[in-house]
Amino acid sequence: MSEEQLDCALDLMRRMPPPQIEDNLANLLDLVPDLTERLLSSVDQPLKVAHDKASGKDYLLCDYNRDGDSYRSPWSNNYDPPLRDGAAPSAELRAVEVEMNDAFNIYRDMYFEGGVSSVYCWDLEAGSWASVILIKKTQDYSKKGQPMKGTWDSIHVVEVTEGKKSSHYKLTSTVMLSIETETPTAGLVSLSGSLSRQAEQDAPADKNNTHVMNIGRMVEDLEIKMRTTIETIYFGKTKDIVNELRTIQGVKVLQQQKDAQKTIGASIK
C-alpha cells in the first residue's frame with residue numbers, strides 16, 4: 001500500500017503549481033507522515049541558502065546534505081546545528097568534493113554572474129560514489145524600478161562507477177525556473193515550471209581527465225541543452241499562444257494589413 005501511496009503522492013505533486021510546491025508538500029506530509037523521508041528525497045524543492053560562519057561563505061540546503069535537522073556545509077564540512085556523528089564523505093572523496101566546489105564556483109560565476117553554488121559527495125558501494133551539484137540564482141529588478149523578478153535552481157545528481165580503463169557517469173539534471181512580473185496594464189503574470197533530463201557516458205579518469213573535468217563537461221553540455229529547450233520551446237510556445245489569444249494591434253490595423261497583402265498579391269499575379 002505504501003508504494004501505491006507514494007506513486008499517488010508523486011503524481012499529485014507533479015500537478016501542483018510549482019511556486020506553491022513547499023506548502024503543498026508540507027500539507028501532503030501531514031496527510032501521510034509515513035512517507036516523509038521518501039517524499040523529501042523524491043520531490044525537488046527550490047533551494048534555500050544558509051551561511052557558514054566558519055568559512056564566511058553561503059551554501060545551499062537540500063536533502064543530500066541533511067542529516068536529521070542539521071545541514072552540512074561543503075566549505076567547512078561542519079553541520080549546523082552541530083551534529084557529532086553526522087554523515088560525511090571519506091577523506092579521499094572529501095578531497096574530490098573540495099575540488100568540485102572550487103571548480104563549480106568558477107562555473108557559476110562565468111555562466112550566472114552571481115548566485116550560490118554547492119557540491120556534495122557521498123560514498124556508495126565499493127568502487128562507486130555520487131555527488132550533487134547545486135546552483136541557485138535569484139534576480140529581483142523590482143528594486144531598480146523594473147517589475148520583474150525570477151529564480152533559477154539547478155540540481156545535477158551524478159552517479160560514478162569507477163572501472164579499470166574508464167568510469168561510467170550517469171547524470172540526472174533538473175532545472176526549476178520561476179519568473180514573475182506585475183504592471184498596471186497586464187496585472188500579475190507568473191510563469192514557472194521544471195525540466196528534467198538524463199545523460200550517461202563512459203570516459204577515462206586519469207591525470208589528464210579527472211572526475212571533476214568529466215563531470216564538469218557533462219553538466220555544462222546538458223545544462224546548455226536544457227536552457228535552449230526552455231528558451232525555444234517553452235517560452236516560444238507560450239508566446240505563440242498569447243499572440244493567438246490577443247494581438248497588440250487593433251482589428252482595423254490588422255484588416256488594413258490583410259487588404260494590403262491581397263492588393264500586393266493580386267498585382268504580382
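Mentor: A salt bridge here is a side-chain nitrogen of Lys or Arg within 4 Å of a carboxyl oxygen of Asp or Glu. The model is predicted, so local features need pLDDT of at least 70 and side-chain atom pairs count only at pLDDT 80 or more, while totals for chains, interfaces and linings use all residues. Residues are numbered from 1 along each chain as its sequence is written, and side-chain values use heavy atoms, with hydrogens and water left out.

Trainee: OK, how many salt bridges does the structure hold?

Mentor: Eleven. One of them joins Glu3 to Arg38, with 2.8 Å between the closest N and O atoms.

Trainee: Where do Glu3 and Arg38 sit in the chain?

Mentor: Glu3 is in helix H1 (residues 2-14) and Arg38 in helix H3 (residues 36-42), so the bridge links distant parts of the chain, 35 residues apart. Helices (H or I, at least four residues) and strands (E, at least two) are DSSP runs, numbered from the N terminus.

Trainee: And how accessible is Glu3?

Mentor: Glu3 is partly exposed at 44% relative accessibility, and Arg38 is partly exposed at 31%. The cut-offs are under 20% relative accessible area for buried and over 50% for exposed, with partly exposed in between (1.4 Å probe, protein chains only).

Trainee: What does Glu97 pair with?

Mentor: Arg94, in a salt bridge whose closest N and O atoms are 2.4 Å apart. The two are about one helical turn from each other because they are three residues apart in helix H4.

Trainee: Is Glu97 buried or exposed?

Mentor: Glu97 is buried, at a relative accessible area of 0%. Its partner Arg94 is also buried, at 15%.

Trainee: Which residues do the shared-partner salt bridges join into a network?

Mentor: Asp11, Arg14 and Arg15 form one network through salt bridges that share partners. Within that group, the side chains of Asp11 and Arg14 meet at 3.6 Å, N to O. Both residues belong to helix H1 and are three residues apart, about one turn of the helix. Asp11 is partly exposed at 32% relative accessibility, whereas Arg14 is exposed at 62%.

Trainee: Back to Glu97. What does it touch, leaving out residues up to four places away in sequence?

Mentor: Glu97 has contacts with Arg72, Pro74, Asn77, Pro89, Val119, Tyr120 and Cys121. Contact means heavy atoms within 4.5 Å.

Trainee: Different topic: how many aromatic pairs turn up?

Mentor: Four, in a search of the whole structure. In one of them, the rings of Tyr64 and Trp122 have centres 5.0 Å apart and planes at 15°, so the pair is stacked. Rings of Phe, Tyr and Trp (its six-membered ring) pair if their centres lie within 6.5 Å; planes under 30 degrees apart are stacked, over 60 edge-to-face, and the rest tilted.

Trainee: Where are Tyr64 and Trp122?

Mentor: Tyr64 is in the loop between strand S2 (57-61) and strand S3 (66-67), and Trp122 is in strand S6 (residues 116-123), so the pair ties together parts 58 residues apart in sequence. Tyr64 is partly exposed at 35% relative accessible area, and Trp122 is partly exposed at 22%.

Trainee: Which residues do ring pairs link into a cluster?

Mentor: Phe104, Tyr107 and Tyr111.

Trainee: Last one: how many buried residues does H6 have?

Mentor: Zero among its 18 residues, so H6 is hardly covered.
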